[in-house]
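Here is a quick tour of a single protein chain, starting with the overall picture and ending with one stretch of sheet. Have a look at the model first.

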Amino acid sequence: RRSRGTNALRHLSVLKFVTCFSLIPLATAADWLPLAAGNQWVYRGSGTRATAPAVWHVSEAREIGARTYYLFHGLAGGPHLLRNDAGRIVRLDERTRMESVFWDFTRAPREPYESALPGALGMALVASRDAKYEGPAGAYSGLLEFGYPRTFQIGLVREYFADGIGM
């Protein structure tokens, strides 16, 4: 997400078009980003450089220590090893064995936190816990909306998550 071309695909002045395909049953309640091998999300970005859909997918699960991580493709700097840590999606740096937060679904609205998510410029927040969306992906309510307050012009502006579907 650091390059201008990749950032533009993720730029969200208009909601991303999202479709999730899964080879497993639907996720349980409060699973805002279902990490499982075979899951895929297809996004339609906006802006002058959003010329092709962005595709994110999970290729496999890996046991590292006593934890299960999922190899997540499609984000800048990836693939990334991600896991759900009690409502937070964290990334494992294999070299340092340190984890950093990408998305924190447990935060209260408007409570900023440090995010290592590519394109977020180090900060994210839950903008709403009851956002709505209507567009090519269908009509949804009760969405979690994330905002990225340090981003302007090019980069990640906002994302929406639907329970059991993902983004």
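What follows covers the fold in outline, then a few strand pairings.

Bear in mind that this is a predicted model. The protein chain has one helix and 11 strands. Where does the helix sit in the order? Reading along the sequence, the pattern is α-β-β-β-β-β-β-β-β-β-β-β, so to speak a helix and then strand after strand.

On to the bulk numbers. The protein chain has 167 residues, and 46% of them count as buried. Its accessible surface is about 8300 Å², with carbon and sulfur atoms contributing 53% of that. As for contacts between residues at least 6 apart in sequence, 43% of them link residues at least 24 apart.

Now zoom in on strand E9, which has a partner in E8 and another in E10. Here are the two pairings side by side:

| Pair | Residues | Sense | Bridges | One bridge pair |
|---|---|---|---|---|
| E8 and E9 | 113–114 and 123–135 | antiparallel | two | Glu114 and Met123 |
| E9 and E10 | 123–135 and 138–147 | antiparallel | seven | Glu134 and Ala139 |

How many residues lie between E9 and E10 in their hairpin? Two residues separate these strands, and Glu134 is bridged to Ala139 in E10. On the E8 side, Glu114 finds its bridge partner, Met123, in E9.

One thing to keep in mind while looking at the strands: side chains in a regular strand alternate between the two faces of the sheet.

Notes:
Residues numbered from 1 in each chain as written. Predicted model: local features only at pLDDT ≥ 70, side-chain atom pairs only at ≥ 80, totals over all residues. Heavy atoms only, no water. Helix = DSSP H or I, 4+ residues; strand = E, 2+ residues; numbered from the N terminus. Buried < 20%, exposed > 50% of the residue type's maximum accessible area, 1.4 Å probe, protein only. Contact = heavy atoms within 4.5 Å. Areas by Shrake-Rupley, 256 points an atom, 1.4 Å probe, with all protein chains shown as cover. Pairing = 2+ DSSP bridges.
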